[in-house]
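Below are some notes on the model, set out as numbered points. They take up helices and cores, then backbone angles, then empty space.

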Amino acid sequence: MNTITDSPITIQATSHSVSLTPSWFGEVVVIAQYLRRIGVLTKISERVRFARRRFGHYEVVDFLAVLFGYAVSGERTLEAFYERLHPFAPAFMALFGRDCLPARSTLSRFLAALTPEAVEALRALFLEDLLGRQPDFEQQPSGLTDRAGNAWKVFDIDGTREAARQRALPQSPELPVCQRRLEDVCTPGYTGRKRGEIVRTRTTVLQAHSSQWLGTFGNPGNGEYRKELRRAVEMIGSYLKAHQFPDKHALLRLDGLYGTGAVLADLRGFAFVMRSKEYGLLDLPVVQARLHLPADQQFSRPESTLIRTLYDCPEVAVGSSGLCCRLVVATHPAGPTKKRIGVERDGLIYELFLTKLPQEAFTAADVVALYLHRGAFETTLSDEDMEQEPDRWCSHAACGQEVWQIVSQWVWNLRLELGHHLEPEPLRTTEFAPALSPAKEPTAPACGYAPAVVALPFKQGRFSGCDFALQPDGTLRCPAGQALFATEERREADGSLRLVYAARISHCRDCRLREQCQWHGGNTQKPRRVSVLLHPLQVGSAPLLWRDWSRRQHRRACMQLLRHQRVDVHLESLDQPGPAPSPPILSRAERAHFRLSWEERFAHNEAASTIGRCTITLFGVPESFAASLGLLTA
């Protein structure tokens with residue numbers, strides 16, 4: 001040991017090596033203790049099983065313990081995680097009730113050998129753990145309250161993509177066929193703004209108010225979005241049943257990937273909001289007729305200068321099955337650059353939004369605002385990428401990559417739950433949309449218009465207004481086949497908008513049906529006029545209220561609790577001299593190398609009482625939080 005004593009500060013150096021405890025080790029201790037306390041590790045060892053090969057004396061729970069630690073640590077690679085963990089491997093495995101740490105190569109073989117049945121068993125256990133315990137904070141009435149006072153639960157379904165680039169390899173008859181490491185998990189697909197040759201798509205399901213993950217499904221390339229959507233809807237149904245919430249008030253927000261009429265049959269009748277990419281709906285006569293009438297509302301956002309003009313079409317047949325949905329058409333002038341979303345026609349950009357939300361509870365602007373609020377889901381995915389990055393390649397096998405992503409979401413939910421234990425805060429309520437104020441003449445109503453109604457006849461035996469059909473070009477068609485054009489707009493006292501249509505006098509003079517159409521028959525000197533009324537929609541005036549918790553505060557409270565605190569790890573050795581152990585007595589089954597039972601295999605790496613006692617001291621843990629985890633306090 002060398003000492004410098006020529007200054008008021010004494011600096012000493014020694015050749016003795018003492019490893020620094022990783023900053024994330026304290027959080028691993030807390031989460032491992034919580035997993036043991038709620039019985040998750042026992043359920044994994046009993047229910048997630050498969051016939052293994054070349055894993056030594058390890059079992060599934062040994063490898064999942066490594067993945068849990070890896071997800072908590074946030075280390076960039078498994079190699080870096082193993083380097084930091086190596087000095088504390090005995091204490092780390094003892095946290096999970098196990099003995100030896102599997103080598104990194106053994107973990108790789110385990111992930112490559114996983115079967116789909118084992119993956120599904122782990123996914124089912126993940127959802128069962130989420131729904132079975134129902135923490136206290138979930139009992140609070142979170143959700144969306146519409147203008148009629150009804151409560152809704154909002155769920156987000158969307159996919160993320162991880163792109164990979166592969167270098168070119170020489171190919172000639174004298175060279176063997178090249179083997180790509182990612183050929184089992186990736187295939188060519190749409191890469192979007194991420195450059196790459198091959199991709200893997202992961203579909204995620206999020207409860208929007210608590211920010212809890214319900215599930216994840218991954219597939220090579222662009223994925224199997226219809227199959228994944230049906231499974232996501234099943235998970236949402238299980239969540240609603242566990243919380244005894246009615247299915248009719250569950251709202252699914254879907255990305256434009258699902259914006260076709262074909263996927264509506266996969267939603268099991270749930271209400272939804274999605275952006276449609278079937279721009280052929282604009283050519284439907286009912287939609288064209290509505291676009292030629294006055295707009296319902298205008299929609300803008302404070303962070304953008306873009307103003308959308310909204311047209312609400314309540315009953316539009318979508319898809320080959322002809323399911324009726326509510327279509328909201330948003331238009332805005334085209335700019336100098338081409339828009340990534342929407343279709344341009346005659347200098348206007350058209351965007352389509354499909355929904356099943358009732359008109360009496362949600363205005364057209366509310367529907368568009370709810371869809372655009374999906375930006376909050378994008379920030380959740382961004383947080384996940386920064387803290388855990390589950391899309392990184394943990395395995396070159398599809399099942400291994402899937403297990404890693406399930407464990408990542410499990411750690412996310414555990415952090416949320418523990419954060420609510422640390423900082424139990426009430427729900428926050430946000431005015432998602434303000435209350436509707438009564439319209440003042442001659443302004444348009446704040447909630448939009450009901451479907452157009454043609455005025456009734458005023459004389460018996462004459463053609464009624466219903467005989468003049470509204471056409472896709474915005475005109476009325478009389479029984480004689482002539483067009484009536486809008487000539488006047490009048491605001492009525494009750495807030496209705498009256499559109500007056502008139503025919504040409506030259507068409508009426510020579511018309512063979514003039515006696516049945518005009519008030520005075522052939523003596524009339526004026527053309528036929530017909531009124532079309534747009535009545536205000538009867539919509540509740542209450543504001544939209546969004547009740548949720550902070551997306552980051554509770555989760556990061558658990559993360560940051562011990563990141564800057566000291567963690568002492570002390571492993572006592574029990575090297576006591578004793579008589580040499582006698583050779584064990586073998587059974588006939590062991591002598592004949594019969595297969596071991598599940599219990600015998602699990603016991604191979606079970607923590608032995610002879611390795612010594614491990615003591616881990618966590619500093620900076622509140623006493624109430626330690627008591628909830630069952631930890632001893634000094």
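1. This is a predicted model. In helix 1, the buried residues are Phe 25, Gly 26, Glu 27, Val 28, Val 29, Val 30, Ile 31, Ala 32, Tyr 34 and Leu 35. That makes 10 buried residues out of 13, so helix 1 is largely enclosed by the rest of the structure. The list includes a charged residue, Glu 27, among the buried ones.

2. The geometry of helix 1 is regular in length: its 13 residues reach 18 Å from the first C-alpha to the last, close to the 18 Å expected at 1.5 Å a residue. Just after helix 1 comes Gly 39, with a positive phi of about 80°.

3. Helix 3 can be read alongside helix 1. Helix 3 has 14 residues and spans 20 Å between its first and last C-alpha, close to the 20 Å expected at 1.5 Å a residue. Of its 14 residues, 14 are buried, and helix 3 is mostly covered. A glycine follows here too: Gly 74, just after helix 3, takes a positive phi of about 75°.

4. Which residues touch the most other members of the largest nonpolar core? They are Phe 25, Phe 81, Phe 92, Phe 96 and Phe 110, in a core of 68 residues. Helix 3, residues 60-73, gives the most to this core, with 11 residues. Apart from this core lies another, of 40 residues, including Phe 155, Tyr 239, Val 329 and Leu 354. As background, nonpolar side chains in soluble globular proteins tend to be buried together.

5. Two sets of contacts are worth checking in the viewer. Leaving aside neighbours within four places in sequence, Phe 110 is in contact with Phe 50, Phe 55, Val 60 and Phe 63. With the same exclusion, Leu 101 is in contact with Tyr 58, Val 66, Tyr 82, Leu 85, Ala 89, Phe 92 and Met 93. Leu 101 lies in the loop between helix 5 and helix 6, the latter covering 104-113. The C-alpha atoms of Leu 101 and Pro 90 are 7.2 Å apart, with the two positions 11 residues apart along the chain numbering.

6. Positive phi values also turn up in residues that are not glycine. Gln 244 has a phi near 55°, and its place is in the loop between helix 8 (225-242) and strand 7 (250-254). Is Gln 244 buried or exposed? Its relative accessibility is 75%, so Gln 244 counts as exposed. Arg 268 likewise has a positive phi, of about 55°, and sits in the loop between strand 7 and strand 8 (271-276).

7. Turning to open space, the second largest pocket holds about 920 Å³. It is lined by 28 residues, and those closest to its centre are Cys 614, Thr 615, Ile 616, Thr 617 and Leu 631. Strand 23 gives the most to this lining, with 5 residues. The elements that each supply at least two lining residues are helix 1 (25-37), helix 5 (89-95), strand 23 (614-618) and helix 18 (623-629). By class, the lining of the second largest pocket has 18 nonpolar, 7 polar and 3 charged residues.

8. How many cavities of 30 Å³ or more does the structure hold? There are 3. The largest cavity has a volume of about 130 Å³. Of the 16 residues that line the largest cavity, Cys 478, Ala 480, Cys 508, Cys 511 and Cys 517 are the closest to its centre. Helix 13 (505-509) and helix 14 (514-517) are the elements that give two or more residues to that lining. The lining of the largest cavity divides into 11 nonpolar, 3 polar and 2 charged residues.

9. The second largest cavity has a volume of about 90 Å³. Its lining consists of Phe 126, Asp 129, Leu 130, Arg 133, Pro 135, Glu 138, Gln 212, Trp 410, Asn 413, Leu 414 and Glu 417. Two or more of these residues come from each of helix 7 (116-133) and helix 12 (398-422). By class, the lining of the second largest cavity has 5 nonpolar, 2 polar and 4 charged residues.

Conventions: Residues numbered from 1 in each chain as written. Predicted model: local features only at pLDDT ≥ 70, side-chain atom pairs only at ≥ 80, totals over all residues. Heavy atoms only, no water. 1 Å grid on protein atoms, 1.4 Å probe; cavity = no way out; pocket = protein on both sides within 12 Å on 5 of 7 lines; lining within 4 Å. Points joined across faces, edges and corners; volume = space filled by probe spheres on them. Helix = DSSP H or I, 4+ residues; strand = E, 2+ residues; numbered from the N terminus. Expected span 1.5 Å × (residues − 1). Buried < 20%, exposed > 50% of the residue type's maximum accessible area, 1.4 Å probe, protein only. Core = buried A, V, L, I, M, F, W, Y, C linked by side-chain atoms within 4.5 Å. Contact = heavy atoms within 4.5 Å.
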